[in-house]
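Q: I'd like a close look at just one part of this protein: how its helices pack against each other. Could you walk me through that, piece by piece?

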Amino acid sequence: MTKKVTSFASASSARSDVFAAMFEHEMEERKLNRVDITDVDHEVLKEMLRFIYTGKAPNLDKMADDLLAAADKYALEKLKVMCEEALCVNLSVETAAETLILADLHSADQLKAQTIDFINTHATDVMETQGWQNMITTHSHLIAEAFRALATTNPTDRTTQECKMS
């Protein structure tokens, strides 16, 4: 079943270069004056549109991972930074590996750096998680990145840092 959400091209275009391009050029979206978004969960889409209209995402903490993917896909840079901050603040031993994978997949460089720092600070515990074991087989290049960061960091610098995205 397809759910329909109504939005205005001008509002969407103002915050997203992707939407702006869809409505600016002779694309199907411009001709029909609509965008069919079928690859984003309905609740995530509603939250994304709420952000487009208000600049706020009140349910961010509940769906930061899915919103990060949508924000990356539709070039909503401010929302992407907000998602990175929420994910960084909620980093834990259990979520670190999954967060690192997510940051890598969506070019969230500051979140990636903060997560690698967190992993290196809590390496023994993180390495015991199922997420870490999964990452070894599915995203082994991230293991190498984390190790490289650990090897080049002064041990006295390995204190937990505050999550700030700029």
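A: Contacts between residues 24 or more positions apart in sequence make up 59% of the chain's contacts with a separation of 6 or more. Keep in mind that you're looking at a predicted model. The chain has eleven helices and zero strands, and 38% of its 166 residues count as buried.

Let's start with the packing in the middle of things. The largest nonpolar core has 28 residues, and those with the most contacts inside it are M48, L60, L67, L76 and L79. Helix 4 (42-54), helix 5 (60-73), helix 6 (77-89) and helix 7 each supply at least two residues of that core. Helix 5 gives the largest share, seven residues. Where does the core sit relative to the domains? Domain 1 (1-90) and domain 2 (93-154) both give residues to this core, so it lies between them. As background, nonpolar side chains in soluble globular proteins tend to be buried together.

For a feel of this core from one residue's point of view, try L60. Leaving aside neighbours within four places in sequence, L60 is in contact with E47, L67, M82, C83 and A86. Apart from this core lies another one, of 13 residues, including L100, I101, I119 and W132.

That W132 is a good way into helix 10. The buried residues of helix 10 (residues 130-138) are G131, W132 and M135. Why do they line one face? Seen down the helix axis, these buried residues fall within an arc of 100 degrees, so they line one face of helix 10. The general rule behind this kind of pattern is that an α-helix has 3.6 residues a turn, so residues three or four places apart point the same way. On the other side of helix 10, Q130 and T137 are exposed. And what covers the buried residues? The cover includes helix 7 (96-105), helix 8 (109-121), helix 9 (123-126) and helix 11 (140-151).

G131 has one more link worth finding on screen. The C-alpha atoms of E94 and G131 are 7.1 Å apart, with their positions 37 residues apart in sequence. E94 is found in the loop between helix 6 and helix 7. Its relative accessibility is 54%, so E94 counts as exposed, whereas G131 is one of the buried residues of helix 10.

Now turn to helix 8, and look at how it meets its partners. Helix 8 and helix 11 pack at an angle of about 70 degrees, with their axes 9 Å apart. That makes helix 8 roughly perpendicular to helix 11. On the helix 8 side the contact is made by K112, I116 and N120, and on the helix 11 side by L142, E145, A146, A149 and L150.

K112 deserves a pause. Is this lysine of helix 8 buried or exposed? K112 has a relative accessible area of 13%, so it is buried, since buried means under 20%. Not counting residues up to four places away in sequence, K112 touches L100, A103, D104, L142 and E145. L142 and E145 belong to the helix 11 side of the contact described above.

Helix 8 has another partner in helix 6. Their axes come within 9 Å and cross at roughly 10 degrees, so helix 6 and helix 8 are roughly parallel to each other. Here E84, L87 and C88 in helix 6 meet D109, Q110, L111 and Q114 in helix 8.

While you're on helix 6, find E85 too. At 31% relative accessibility, E85 counts as partly exposed. E85 and C163 are 78 residues apart in sequence, but 6.5 Å apart in space, C-alpha to C-alpha.

Last stop: two loops that link these helices. A75 sits in the loop between helix 5 and helix 6, and it has a positive phi of about 55 degrees although it is not a glycine. S107 sits in the loop between helix 7 and helix 8. Its phi is near 50 degrees, again a positive value in a residue other than glycine, and at 47% relative accessibility S107 counts as partly exposed.

How values were computed. Residues are numbered from 1 along each chain as its sequence is written. This is a predicted model: local features need pLDDT of at least 70, side-chain atom pairs count only at pLDDT 80 or more; totals for chains, interfaces and linings use all residues. Side-chain values use heavy atoms; hydrogens and water are left out. Buried means under 20% relative accessible area, exposed over 50%, partly exposed in between (1.4 Å probe, protein chains only). Helices (H or I, at least four residues) and strands (E, at least two) are DSSP runs, numbered from the N terminus. The arc is that of the directions from the helix axis to the C-beta atoms. Contact means heavy atoms within 4.5 Å. A nonpolar core is a set of buried Ala, Val, Leu, Ile, Met, Phe, Trp, Tyr and Cys residues joined through side-chain atoms within 4.5 Å. Domain bounds come from an automatic or database domain assignment. Axes are lines fitted to C-alpha atoms, for helices over the stretch in contact, and angles run from 0 to 180 degrees between N-to-C directions. Angles under 35 degrees count as roughly parallel, over 145 as roughly antiparallel, 65 to 115 as roughly perpendicular and the rest as oblique.
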